[in-house]
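Please look through the sequence and the model below before reading on. The report that follows takes up a few places in turn and describes what can be found at each.

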Amino acid sequence: MIEEPHRIDAEIRLRPVVLADAGALAASLTRSRTYMKPWEPERPDAFYTEEGQRERLAGALADREAGRAMPWVLCDGDDRAIGAFTLNGVVLGPFRSAALGYWVDVDFAGRGLATATVRRVCELARDELRLHRIEAGTLPYNLASQRVLAKCGFEQIGLAPGYLHIDGEWRDHRLFQRLLHDGPVTGV
């Protein structure tokens, strides 16, 4: 498991999520709710509370312990969570792959933090988790996220009709992948 924080810029760090991040994540998600609405599933109001985030984080931490996910938070200079980056569906063996999801607080958007952090997550996935591949999906009109992925070496591999239930409807997604290495399979 990756324990150390990683510097993204002079003030921003990426570190593994902890249960104590629930309050800061709830505040950041609430602040960013309208901004992120077109890209997110419909969520109950409880999701945006500290208790709702504590419940969500408990599941994410259980998935991390089981080796199924690696959830991180993006933190400001005061170590407050201002975004999240997660590798979900981690599969080892001959597949060695995971799916990437991420968001950045509306007050920190447009500063290149998503691009810098996705690059770092790819490095950690390759060097620490020994993954071969990361996949990601975006709505066809989420050009900002597609630019982030392209800058980080992801290539579009297809279109998935009705892929995820986002903003109240089943939505098509463009699928992307990045191959991290072509070396032999190591570890389990």
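## Helix 1 and its surroundings

Which residues of helix 1 are buried? In this model, which is a predicted one, the buried residues of helix 1 are Ala-22, Leu-25, Ala-26, Ser-28, Leu-29, Ser-32 and Met-36. The elements that cover these buried residues include helix 2 (50-65) and three strands, namely strand 3 (70-75), strand 4 (81-91) and strand 5.

Helix 1, which runs over residues 22-36, is not straight, since it bends by about 35° at Thr-30. Its end C-alpha atoms are only 18 Å apart, whereas a straight helix of 15 residues would span 21 Å at 1.5 Å a residue.

## Gln-53 in helix 2

Gln-53 is a residue of helix 2, and with a relative accessible area of 0% it is buried. Apart from neighbours within four places in sequence, the residues in contact with Gln-53 are Ala-22, Leu-25, Ala-26, Leu-29 and Phe-47. Among these contacts, Ala-22, Leu-25, Ala-26 and Leu-29 also appear in the list of buried residues of helix 1.

## The sheet

An open sheet is made of eight strands, which follow the order 1-2-3-4-5-6-8-7 with mixed pairing. At its edges are strand 1 (6-7) and strand 7 (155-166), each of which pairs on one side only. In general, strands of a sheet pair through backbone hydrogen bonds and may do so in parallel or antiparallel fashion.

Strand 6 and strand 8 run antiparallel and are joined by six bridges. One residue pair can be named here, in that Gly-137 has Leu-175 of strand 8 as its bridge partner.

## Tyr-102, between strand and helix

Tyr-102 has its place in strand 5, which covers residues 97-104. Although Tyr-102 and Phe-85 are 17 residues apart in sequence, their C-alpha atoms are 4.3 Å apart in space. When neighbours within four places in sequence are left aside, Tyr-102 is in contact with Ala-84, Phe-85, Ala-114, Val-118, Ser-145, Val-148 and Leu-149. With one of these residues, Ser-145, the side chain of Tyr-102 also makes a polar contact of 2.7 Å.

## The two sides of helix 4

Ser-145 belongs to helix 4 (residues 143-151), where Ser-145, Gln-146, Val-148 and Leu-149 are buried. These four lie on the same side of helix 4, because they cover an arc of only 155° around the axis. The face turned away from this buried side carries Ala-150 and Lys-151, which are exposed.

The buried residues of helix 4 are covered by elements that include strand 5, helix 3 (113-127), strand 6 (133-138) and strand 8 (169-179). After helix 4 comes Gly-153, which has a positive phi near 90°.

## Two arginines with positive phi

Two residues other than glycine remain to be described, and both are found in loops. Arg-96, in the loop between strand 4 and strand 5, has a positive phi near 45°. Is Arg-96 buried or exposed? Arg-96 counts as buried, because its relative accessibility is 4% and the cut-off for buried is under 20%.

Arg-130, which is placed in the loop between helix 3 and strand 6, has a positive phi of about 60° although it is not a glycine. With a relative accessibility of 44%, Arg-130 counts as partly exposed.

Technical notes:
Residues are numbered from 1 along each chain as its sequence is written. This is a predicted model: local features need pLDDT of at least 70, side-chain atom pairs count only at pLDDT 80 or more; totals for chains, interfaces and linings use all residues. Side-chain values use heavy atoms; hydrogens and water are left out. Contact means heavy atoms within 4.5 Å. A polar contact is a pair of N or O atoms within 3.5 Å; within protein, one must be able to donate a hydrogen and the other to accept it, and residues adjacent in sequence count only if both atoms are side-chain atoms. Buried means under 20% relative accessible area, exposed over 50%, partly exposed in between (1.4 Å probe, protein chains only). The arc is that of the directions from the helix axis to the C-beta atoms. The expected span of a helix is 1.5 Å times one less than its number of residues. The bend at a residue is the angle between axes fitted to the seven residues ending there and the seven starting there. Two strands pair if DSSP finds at least two bridges between them.
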